[in-house]
Amino acid sequence: QQETISIIPKVALSQLNLISGDFGPLEPGIPCRVPLWLALFLKRQKRCSIEPPEWMNTAVLEQLKLDESESSFFCSLPSEHVQEVAHILLTEATEDIPYADAIRTLIKDIFDNRIAKLRSSIDKFVSSSGTHAGLNNLTLFEISNVRGFLCQSLDHLYALRSHVSNSTGSGDSSNVMS
């Protein structure tokens, strides 16, 4: 929630001196950027409205969805925390976001596509007996989503390889002694 977002204050507030920095003064009707957590705090108190990030509109998300579905690689996202910010804003500030339902659907479609692509990549990686892989343009959310599955798969693969190499190694040594 350290990501900054633009708000439009509804009331005047003097400068806010907080641990994370100084913000303001806030003037009614004049947009300013504040951390997401502060925007949510002021929104809950009905002291501001939240302006959605530039990427949170249907045209940008439609293009991102198209790019993601056409590419075999993961496309760069407009923010490291797209899914988290979108979820928070679509939950807490739905009335401030035009076409919120369409945006919610587009974001779900984009991330469903990315997770399917990630699972397919993991399957190819495990099947190819790979030893390392690049994770370009993945978010921490996506990595944590598959971390358990990937770690468990790699543990099983390691155990199988260890068992095969031990069986092969012990078979060779018994042939030498005979």
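# Salt bridges and helices in a predicted model

Me: How many salt bridges does the count come to?
Reply: A salt bridge is taken to be a side-chain nitrogen of Lys or Arg within 4 Å of a carboxyl oxygen of Asp or Glu. By this rule the count comes to nine salt bridges.

Me: What kind of model is this, and which atoms do side-chain values use?
Reply: It is a predicted model, in which local features need pLDDT of at least 70, side-chain atom pairs count only at pLDDT 80 or more, and totals for chains, interfaces and linings use all residues. Residues are numbered from 1 along each chain as its sequence is written, hydrogens and water are left out, and side-chain values use heavy atoms.

Me: Which residue meets Arg44 in a salt bridge?
Reply: Arg44 lies in helix H1 and its partner in helix H3, so the pair ties together parts that are 48 residues apart in sequence; helices are DSSP runs of H or I with at least four residues, strands are E runs of at least two, and both are numbered from the N terminus. At 54% relative accessibility Arg44 counts as exposed, whereas the partner, at 32%, is partly exposed, where buried is under 20%, exposed over 50% and partly exposed in between, with a 1.4 Å probe and protein chains only. The N to O distance is 3.2 Å, and the partner of Arg44 is Glu92.

Me: Which residues do salt bridges with shared partners join into one network?
Reply: Lys117 in helix H4 and Glu68 in helix H2 (residues 58-70) are 49 residues apart in sequence, with their closest N and O atoms 2.8 Å apart, and both are buried. Glu142 and Arg114 meet at 2.5 Å, N to O; Glu142 is in helix H5 (residues 140-177) and Arg114 in helix H4, and these two are buried as well. Joined into one network by salt bridges that share partners are Glu68, Arg114, Lys117 and Glu142.

Me: Where does Asp96 lie, and is this residue buried or exposed?
Reply: Asp96 sits in the loop between H3 and H4, where it touches Lys43, Ser49, Ile50 and Pro52, not counting residues up to four places away in sequence; contact means heavy atoms within 4.5 Å. Because its relative accessibility is 18%, Asp96 counts as buried.

Me: Which residues of helix H1 are buried?
Reply: Helix H1 covers residues 36-44, and among what covers its buried residues are strand S1 (4-9), strand S5 (48-51) and H3. The buried residues of H1 are Leu36, Leu38, Ala39, Leu40, Leu42 and Lys43.
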